[in-house]
There are 2 protein chains.
Amino acid sequence: MGPTIGVFDSGFGGLTVLRALLPLIPGARYLYLGDTARLPYGSKSRETIARYAVSSAKFLLEQGAEHLVVACNTATALALDEIKAALPIGVTGVIEPGAAAAARGVGDGSEGHVLVLATAATVQSGAYTRAIGAHGMAVTERACPLLVPLVEEGWLDASAETAAVTAEVLRIYLASAQKDAPGATTLLLGCTHYPLLTPMIEATLDRLNYPLAMVDAAQATAEAVGAHFPRSAKGRIEGTSMHFFATDSVEKFRRLGSRFLGQGLERVELIDLGG
Amino acid sequence: MGPTIGVFDSGFGGLTVLRALLPLIPGARYLYLGDTARLPYGSKSRETIARYAVSSAKFLLEQGAEHLVVACNTATALALDEIKAALPIGVTGVIEPGAAAAARGVGDGSEGHVLVLATAATVQSGAYTRAIGAHGMAVTERACPLLVPLVEEGWLDASAETAAVTAEVLRIYLASAQKDAPGATTLLLGCTHYPLLTPMIEATLDRLNYPLAMVDAAQATAEAVGAHFPRSAKGRIEGTSMHFFATDSVEKFRRLGSRFLGQGLERVELIDLGG
């Protein structure tokens, strides 16, 4: 039997990290908690986010998690130290793996300049500026508060008039970033909701003639988690199990979650974290 | 000295109701609570919303409120009965006054058909359909999940490219409503964030050739509250005091709140409702 791995996010976005974990650590028992009753974290203060994140992490520990993945940029940015201090197991956040992947992508890193798109709280924390700066690269961060609601509304279909709105919002955010950071080389999506926008982001960068290499932070995070587990600890993909917990509507979690995971969600359980 | 009136919302939108109350009940001591740490309510389940709303209402009672205004459509739609049962004081929600105002606007009401724009949770509750139906009018409800984030992002300035995005989102929502309810006569904004969009909504209705009369639910709610207080209980406008409580960032509350109240917010205090 493989290890028990807890994955935590404020909502659905962390399912993109779980999706990347499945082939890398087959045979694991995955416990995913979406703290949907209290989302979005992105517009809240550090104290509030830390309190929510620690209670969520402890829940997964009680359920048997042997390693915790904080698959939420906002919680990683504002509460990773608090979560690590509160838990006696290994904890992996999404920011450092993303920053390291951006540095690897640039090669020697000497000329790298990373543009980070993220929620307001993540940007205000400065966590990406510190993490990427530690790899010797320049950083420009841009808060994009409308992207999470657009993804949750499902305005992503490239053919529809609704997708034109999402494309225009992306153009406004990226054109403003291009003004601030015309020499950027690399784009890091600093929110786990954003990977669903990847094709539209690439099209927008083309139209703006703003050639940035995109980093897959979900993949980088999954690889960082995989490094904690020797080959012998891994099982067969058929032995993989997934159990989902949500703090709000199970029906909504199932419906939106399948978009992020790329497959249906079977076992979804409503829990109360007292918030 | 005037009465102490508690006004509660999940965030800032209820300040549009407070703004309408100020000239109607001068000399009152206003206590406003924005449960910003747990917003938005609009995407949460009934159980979660009721739990949050009752704890917020009790806080205002403890602070001395003699009457409570639930200045949040979602909380009114999903938790008004629970709040009334939990509090020994008068409670006024925003839905019934809005529905009554829509009926008055139509005259005898026999030909009225009201289009309600609101959050997903409010629409799912069916509360407007019941309240407006009780006045003998037809109702069509439309969920508009992007409007609150657009207002909070401040994409409202008629001259900017960002406002063009908001205008296009409004066009998509209203054109879809027009298909469902071509014969509607009246538009009710079923979310206290939406009054900031009024000029853009009016322009969109013109462009769509969709002539709806708009109801001011904030004003209607303020008048319903005013009816609870005899003239003798009212004081002088110079004696009015306002005290604001927020469950998250005081700075953000002050900054966004002034847009809704139409004036600066002086006394804003951070409180913890344990959520």
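The following paragraphs go through a predicted model, beginning with chain A as a whole, then turning to the relation between its two copies and to two individual residues.

Chain A contains 11 helices and 10 strands. Its radius of gyration is 18 Å, and the globule rule gives 19 Å for 275 residues; the two values are close, so chain A is as compact as a globular protein of that length. The C-alpha trace of chain A spans about 50 × 40 × 40 Å along its principal axes. Of the 275 residues in chain A, 61% are buried. Among contacts in chain A with a separation of 6 or more, 76% are made by residues 24 or more positions apart.

The surface and the charges of chain A can be described briefly. Its accessible surface comes to about 10,400 Å², and carbon and sulfur atoms account for 52% of that area. The chain carries 22 positive and 27 negative side chains, and 2 Å separates the centres of these two sets.

The next point is how chain A and chain B are arranged. In general, two copies of a chain are related by a rotation about an axis and a shift along it. Here a rotation of 180° with 0.0 Å of shift along its axis superposes chain A on chain B, with an RMSD of 0.0 Å. The two copies are therefore related as by a two-fold rotation axis. Of the interface residues of chain A, 100% are also interface residues in chain B, so the copies meet through the same surface.

Asp248(B) has contacts in both chains. This residue lies in the loop between β9 (241–246) and α11 (250–261) of chain B. Its relative accessibility is 3%, and the cut-off for a buried residue is under 20%, so Asp248(B) counts as buried. Neighbours within four places in sequence aside, Asp248(B) is in contact with Ser43(A), Lys44(A), Ser45(A) and Thr48(A) in chain A, and with Thr36(B), Ala37(B) and Leu270(B) in chain B. Ala37(B) is 211 residues away from Asp248(B) along the chain, yet their C-alpha atoms are separated by 4.7 Å.

A second loop residue, Ser10(A), sits between β1 (4–9) and α1 (15–24) of chain A. With a relative accessibility of 10%, Ser10(A) also counts as buried. When residues up to four places away in sequence are not counted, Ser10(A) touches Gly34(A), Asp35(A), Thr36(A), Leu39(A), Tyr41(A) and Cys72(A).

Note on methods. Residues are numbered from 1 along each chain as its sequence is written. Chains are lettered from A and ligands numbered from 1 in the order in which they are written. This is a predicted model: local features need pLDDT of at least 70, side-chain atom pairs count only at pLDDT 80 or more; totals for chains, interfaces and linings use all residues. Side-chain values use heavy atoms; hydrogens and water are left out. Helices (H or I, at least four residues) and strands (E, at least two) are DSSP runs, numbered from the N terminus. The radius of gyration is taken over C-alpha atoms; the globule rule is 2.2 Å times the number of residues to the power 0.38. Buried means under 20% relative accessible area, exposed over 50%, partly exposed in between (1.4 Å probe, protein chains only). Contact means heavy atoms within 4.5 Å. Accessible areas come from the Shrake-Rupley method with a 1.4 Å probe; for residues, only the protein chains shown count as cover. Lys and Arg count as positive and Asp and Glu as negative; His and the chain ends are not counted. The place of a charge is taken as NZ of Lys, CZ of Arg, CG of Asp or CD of Glu. Copies are superposed by least squares on the C-alpha atoms of residues with pLDDT of at least 70 in both.
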